[in-house]
Amino acid sequence: MPPDWRAFPGPLPQRDGNQAVWRGGLVGCGALSAACLLRHHAAPLGVPLPDRDTLAEQLAAAQGAFRLPLPQGPRATWPWAWLSGLNTYLNDQHLPLRARGRWGLHLHAPLTAHLDRLFGAGLPVIGFEFSAREQHYGLLSAYAPGPDLPARLHVDGSRLHLAPRTGLGGVFWIEEA
C-alpha cells in the first residue's frame, strides 16, 4: 500500500540544500536547516537576520557542530545540542521564539501526533534521522503515518524515516516564546 502523504499546507521556508563551506568543511545539515527555519519565523516579526549561510555558520558554532572524518568534511550535531544551541542563539538575540523538539527510539505514534498538530497549525518542521541508512536533519514538505514514519525533504523530495527501526528519529520546530 502506498504511503498516505500529508503535505505541508502553506509556504515552506527557503530550501536547505547546497551547504556552504565553513572552517574547512561543510556547515552541516543541522545548522543549515535551523537557519532556514529561523529566517522563516523571524521575517514576519520584522527581525533582521544574516543571510542563510552566515546564519548557518553562527548556528553551527552555537550547536557545537563537529566535523566528521569523511570526504568533503561534513558536520554533525547531536539532537540535544541542536535544540540547546538554537535556543541559546534565540535568547542571546532577544528573539521572542523558542525551539522545541522530540526525538528518540520508535516514536512513530507521538511524532505523528506532533506532525499532525504542527502541520495543522502551519508550522514548518525539521525532521531528523540517525540510523545506519541515513544521518540527516532537513525541512519536511510531507509525511506519512506508519511504523517508520517516512517524510519527504523539502529540498529534493527524498525521504527520511522519522521513526527508523534501528536508530533515532525526531522532529524539531520553532514557536513563539
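Is Arg 23 buried or exposed? Select Arg 23 and see: its relative accessible area is 63%, so Arg 23 is exposed. Keep in mind that you're looking at a predicted model.

**Stop 1: Arg 23**

Arg 23 sits in the loop between S2 and strand S3 (25-26). Show its surroundings, and skip anything up to four places away in sequence: what's left touching Arg 23 is Arg 67 and Arg 75. Now add Glu 57 to the selection. Glu 57 and Arg 23 are 34 residues apart in sequence, and their C-alpha atoms are 9.2 Å apart in space.

**Stop 2: H1 against H2**

Next, colour helix H1 (residues 29-42) and helix H2 (residues 52-62). Their axes are 8 Å apart, and the two helices pack at an angle of about 120°. Angles over 145 degrees would count as roughly antiparallel and those from 65 to 115 as roughly perpendicular; H1 and H2 are therefore oblique to each other. The crossing of H1 and H2 is right-handed. To light up the contact, pick Ala 31, Leu 32, Ala 34, Ala 35, Cys 36, Leu 38 and Arg 39 on the H1 side. On the H2 side, pick Arg 52, Asp 53, Leu 55, Ala 56, Leu 59 and Ala 60. Colour that H1–H2 contact by class and you get 10 nonpolar residues, 3 charged ones and no polar ones.

**Stop 3: the buried side of H2**

Stay with H2 and select Arg 52, Leu 55, Ala 56, Leu 59 and Ala 60, which are its buried residues. Turn the view so that you look down the axis of H2: these buried residues fall within an arc of 140°, so they line one face of the helix. And what lies over them? The cover on the buried residues of H2 includes strand S2 (21-22), H1 and helix H3 (79-92).

**Stop 4: bring in H3**

Start with H2 and H3. They pack at about 120°, with axes 8 Å apart, and their crossing is right-handed. Select Leu 55, Gln 58, Leu 59 and Ala 62 in H2, which meet Gly 85, Leu 86 and Tyr 89 in H3. By class, this H2–H3 contact divides into 5 nonpolar and 2 polar residues, with no charged ones.

Now hide H2 and look at H1 with H3. Here the axes come within 11 Å and cross at roughly 40°. H1 and H3 are therefore oblique to each other, and H1 passes H3 in a right-handed crossing. From H1, take Gly 30, Ser 33, Ala 34 and Leu 38; they meet Trp 82, Leu 86, Tyr 89 and Leu 90 of H3. The classes in the H1–H3 contact are 6 nonpolar, 2 polar and no charged.

Leu 86 and Tyr 89 are worth a label: they meet residues of H1 and residues of H2.

**Stop 5: two positive phi values**

Got a Ramachandran panel handy? Click Asn 18, whose phi is near 55°, a positive value in a residue other than glycine. Asn 18 is in the loop between strand S1 (6-7) and S2, and its 73% relative accessibility means that it counts as exposed.

Then click His 94. Its phi is near 60°, again positive in a residue other than glycine. His 94 lies in the loop between H3 and strand S6 (97-104), and with a relative accessible area of 71% it is exposed.

**Stop 6: His 136**

Jump to strand S8 (residues 135-143), where you'll find His 136. Add Cys 29: the C-alpha atoms of His 136 and Cys 29 are separated by 6.5 Å, although the two are 107 residues apart along the chain. Cys 29 is also one of the contacts of His 136 once neighbours within four places are set aside; the others are Gly 127, Phe 128, Glu 129, Leu 153 and Leu 160.

**Stop 7: Asp 148**

Finish in the loop between S8 and strand S9 (150-153), where Asp 148 is found. Is Asp 148 buried or exposed? Its relative accessibility is 18%, and the cut-off for buried is under 20%, so Asp 148 counts as buried. Apart from residues up to four places away in sequence, Asp 148 touches His 161, Leu 162, Ala 163, Pro 164 and Arg 165. For one last distance, select Leu 45 as well: its C-alpha atom and that of Asp 148 are separated by 36 Å, with their positions 103 residues apart along the chain.

Terms used:
Residues numbered from 1 in each chain as written. Predicted model: local features only at pLDDT ≥ 70, side-chain atom pairs only at ≥ 80, totals over all residues. Heavy atoms only, no water. Axes fitted to C-alpha atoms, helices over the stretch in contact; angles between N-to-C directions. Helix = DSSP H or I, 4+ residues; strand = E, 2+ residues; numbered from the N terminus. Parallel < 35°, antiparallel > 145°, perpendicular 65-115°, else oblique. Left-handed = near helix turned anticlockwise from the far one by under 90°. Contact = heavy atoms within 4.5 Å. Nonpolar A, V, L, I, M, F, W, Y, C, P; charged D, E, K, R; others polar. Buried < 20%, exposed > 50% of the residue type's maximum accessible area, 1.4 Å probe, protein only. Arc of directions from axis to C-beta.
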